Amino acid sequence: MTSPVMKTTANTTTRTTTHTTTAPVTAAIDKPRRKNPVLRTRQINLPPGARGRVALGFTAAAAEGRFALQACERCAAVQYPPREACHRCLSTELTWRDQPDGGHLVCTTTLRHSNDLFFRERLPWRLGLVRLDAGPTVMVHLHGEVGGEPGRIRVGARIDRAGMAVLIGYPEQGSAHMADDRMLREMTSDPRFRKVLVTDGKSAVGQAIVRAFVEAGADLVWVGHAEPWKKLGGLDDIGALPQVTLVPLDLTDGRSVTELAGEIAGKVDIVVNNAEVHRTFGIAARRGTDVARAEMDINYFGLLRLAQEFGPALKGRSADGLASATAWVNLLSIYALSSFPTHGTFSASKAAAYSLSQCLRAEMRPAGIRVVNVFPGPIDDDWNQHVPPPKLAPIALANAIVKALRDGVEDVYPGDVAQEWLARWRDNPKVLERELAGEG
Amino acid sequence: MTRRRRSYEGVAVAVPVTVPYVRYSIRSAHWFIGRAIAALIDESGIAKDAIDGLCLSSFTLAPDTAVGVTQHLGLAPRWLDHVPTGGASGVMCLRRAARAVQAGDADIVACVGADTNHVDSFRQSLGSFSDFARDATWPYGSGGPNAIFAFITAHYMRTYGATREDFGRLCVDQRSNALGNPHAMFKKPLTMPEYLDARAIADPIHLFDCVMPCAGAEAFLVMSEERARDLGLAHVVVHGAIERHNAYADDPIFFRGGWRVDRDDLYAQAGIAPSALDFVQTYDDYPVIAMIQFEDLGFCDKGEGPAFVRAHTMTSDGTFPNNTSGGQLSAGQAGAAGGFLGMVEAVRQLTDDAGPRTVPNASLGLVSGFGMVTYDRCLCTGAVILGRAS
């Protein structure tokens, strides 16, 4: 009889080699062939997305890439599935705390039948039961490189296509192409072989993002540039990359957005909306509303225009094969959480964009498209000239975006400043407000 | 020291009835409960009003409970219970009803396990089966209990050396028993090659390791022995009964159940050793669970289940008659009625009502239950020893 582990290699998208003793190594996926335009574009069926309120704490941590479980403040018991009280001492003082990722693989199974459409379309599907070093026994989706039981395993949390956290069992030592695992690719938004729109290629950040996506194996990068007659440095270099196509795009102009959407929206897999206007004023430092209006026009209304044109197209292609539409990235700011008064109108526009992005996330979720919000602290660019270091290098920001897509993370706070502001905001938003007022 | 519990002496179980199973029904659970209670009345000859206690188990009754059923069926019991323990509910309804009768809270208790099965109701009930299932198992492949019991079976096979053939023995013998049960959904013999070649569901579980969900009901009456004699009803007596919930919670995976915690108590109540039993009706949601019950109920040691099934025939005329109705694996699983199947069959066996599948000269039988996979295992275990009335 064939062992269960051997059977899992029956896999159409990931070619694997098998050994009797070790797990199969993930083979790099090939570039998807051009699709047959006569065939119907497959529509998404989401995995089960219902969770209790308590269990959403697990998703909240995973949205930032953390693997956290409920820990009891009184007796230190770690528990799963999530509960309303400590199963050991009945305390209700339960905190979501990061946990060590090691565990013991107790057993595995390969589903050949599922009651749910999402999984039915993706059979066979491998599952494991893991005794975590942290204590509880958990059910996990198994990475193809995890061998048969018993053995050591790593466990992490990922957001699945329904936007809910699930546990994944990883091999202790992954191979070079482990990200190409069929199951893992469903949980992430790896740019490899995907077509990307970067809405502004004129800024240092935009150019760094374009280069990062090219390096990450993006098939094609459309790079927007408003007002093409205004020449800025670097754009020609970007345009010379074979994967890059420059496209006119002005987010303040609804017609410009509509025209571009008509050409490419049906092909875009990842939208990166990095276009922004950033001026350094509060309220009293500049009379009138023209600058604040310009910030809002790009930072908020630009996102709205873009989302109305490109959102539906992405939703329609979210199950379109190996390089399906998968994610939408918004460049926000840590100032979206709490106003930085010397950049007051910019903060307000980013707060508005953040709120709109939450709305977009809710609307994209039924299609399984992930909305990634990026909250950098001050970026090392012209508009933060007066802000003291540390400042986030554009390349670091770009790499953080690619990493978030690869890791399936939903909220990213790149850099030390963003991390510190986040910690202060989490600790007490009112205290942070007072502190920021002082810094102004 | 805990006070010694009162025995179940003087309690009779009578009138085993089955509402014939159908794969799918357009009726609601109420219909099956109504048919079951009507059958209890018809077979016993008692008046409807004489039923003054109702103990009910059903998955598909929602949003109703036993309460709504009283109005639906025009019953006015003075004692009512709703037992949501699924596969363990037959044993647990009997325990509760027996105590009500002994205490005088009710004279005649109808115990009913009933469920309907619409074309899509099984899938829908799985996704909302429990908080833990919704949060921590259903999003993982949505295999339902098949996935959980695949883990348990795989682990048991690896740890104790069981093979698929060992589980096949159980299933093949139960099918042979089912051929003598007119209510069984499966009417054809099952051969070992057919069992082994069946399609895979969740490795190592294959098609004939799984029960077939269906609609139907099983029911019986609980009353005093005296009352049963007065009414001229064939009946059995209760020699002992146990239940346990969430036993061995720290085990990383299920390989032993609550029966093990309480079995000494069970046999002490009955004053017998396991070897004195003439048949067993184990809970067989999956064959590995029946094998684990052989161990945990003391018929063999832990890990000896595979050797035990190799050494025995489990047909009704065999050396170790098990699930003489065919069990759920061959009779079908009519929801909560699956938790009553063994109880109803045991009463039939001990009242000479089992037709061609009669276990010769049986005077003592054991029925065990196992219910409710809320997360990674069933939580409820129970068992009862029934005996022929003197």
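The following paragraphs walk through the predicted model, beginning with the overall form of chain A and moving on to the sheets, domains and contacts of both chains.

Chain A is a good place to start. Its secondary structure comprises 13 helices and 17 strands. The radius of gyration of chain A is 23 Å, close to the 22 Å that the globule rule gives for 440 residues, so chain A is as compact as a globular protein of that length. Along the principal axes, the C-alpha atoms of chain A fill a box of roughly 75 × 60 × 35 Å. Of the 440 residues in chain A, 48% are buried. Contacts that span long stretches of sequence also feature here: among those between residues at least 6 apart in chain A, 68% join residues at least 24 apart.

The domain assignment splits chain A into domain 1 (63-98), domain 2 (104-184) and domain 3 (195-439). Taken over C-alpha atoms, the centres of domain 1 and domain 2 of chain A are separated by 22 Å. Where these two domains touch, domain 1 of chain A contributes six residues and domain 2 of chain A contributes eight. The side belonging to domain 1 of chain A consists of five nonpolar residues and one polar residue, with no charged residue.

Chain A also holds an open sheet of three strands, arranged in the order 4-3-5 with antiparallel pairing. Its edges are strand 4 (78-79) and strand 5 (94-98) of chain A, each of which pairs on one side only. Strand 3 (residues 68-72) of chain A runs antiparallel to strand 4 of chain A, and two bridges join them. At this pairing, Ala71(A) stands opposite Val78(A) of strand 4.

Turning to chain B, the reader meets an open sheet of nine strands. Their order is 3-2-4-7-1-8-11-10-9, and the pairing is mixed. Strand 3 (79-82) and strand 9 (279-281) of chain B form the edges, each pairing on one side only. On average, and with direction ignored, neighbouring strands of this sheet are turned by 20° against each other. Strands of a sheet pair through backbone hydrogen bonds, either parallel or antiparallel. One antiparallel pair in chain B is made by strand 4 (residues 109-115) and strand 7 (residues 215-224), with seven bridges between them. There, Val109(B) has Val222(B) of strand 7 as its bridge partner.

Strand 11 of chain B repays a closer look. This strand (residues 378-388) is mostly covered, with 10 of its 11 residues buried. Strand 8 (residues 235-245) of chain B pairs with strand 11 in the antiparallel sense over nine bridges. Strand 10 (residues 364-373) of chain B likewise pairs with strand 11 in the antiparallel sense, over nine bridges. A hairpin of four residues links strand 10 of chain B to strand 11 of chain B. Within strand 11, Gly387(B) is the bridge partner of Val237(B), and Gly387(B) also stands opposite Leu364(B). Helix 14 (residues 338-350) of chain B lies across several strands, including strand 1, strand 8, strand 10 and strand 11, and runs at about 170° to strand 10 of chain B.

Chain B is divided into domain 1 (11-119 + 215-231) and domain 2 (121-211 + 238-332 + 345-388). The C-alpha centres of these two domains of chain B lie 23 Å apart. Their contact takes 22 residues from domain 1 of chain B and 26 residues from domain 2 of chain B. On the domain 1 side, strand 1 (11-22) and helix 3 (89-103) of chain B are the elements that give two or more residues. Helix 3 of chain B gives the most to that side, with seven residues. The domain 1 side is made up of 12 nonpolar, nine polar and one charged residue.

Finally, the two chains meet. Their contact draws 31 residues from chain B and 33 residues from chain A. On the chain B side, helix 4 (121-127), helix 5 (131-136), helix 6 (145-160) and strand 5 (200-202) each supply at least two residues. Helix 6 of chain B provides the largest share of that side, six residues. By residue type, the chain B side divides into 17 nonpolar, eight polar and six charged residues.

Note on methods. Residues numbered from 1 in each chain as written. Chains lettered and ligands numbered in written order. Predicted model: local features only at pLDDT ≥ 70, side-chain atom pairs only at ≥ 80, totals over all residues. Rg over C-alpha atoms; globule rule 2.2 N^0.38 Å. Buried ≥ 20, exposed ≤ 12 C-beta atoms within 10 Å, placed from the backbone. Contact = placed C-beta atoms within 7 Å. Pairing = 2+ DSSP bridges. Nonpolar A, V, L, I, M, F, W, Y, C, P; charged D, E, K, R; others polar. Domains from an automatic or database assignment. Axes fitted to C-alpha atoms, helices over the stretch in contact; angles between N-to-C directions.
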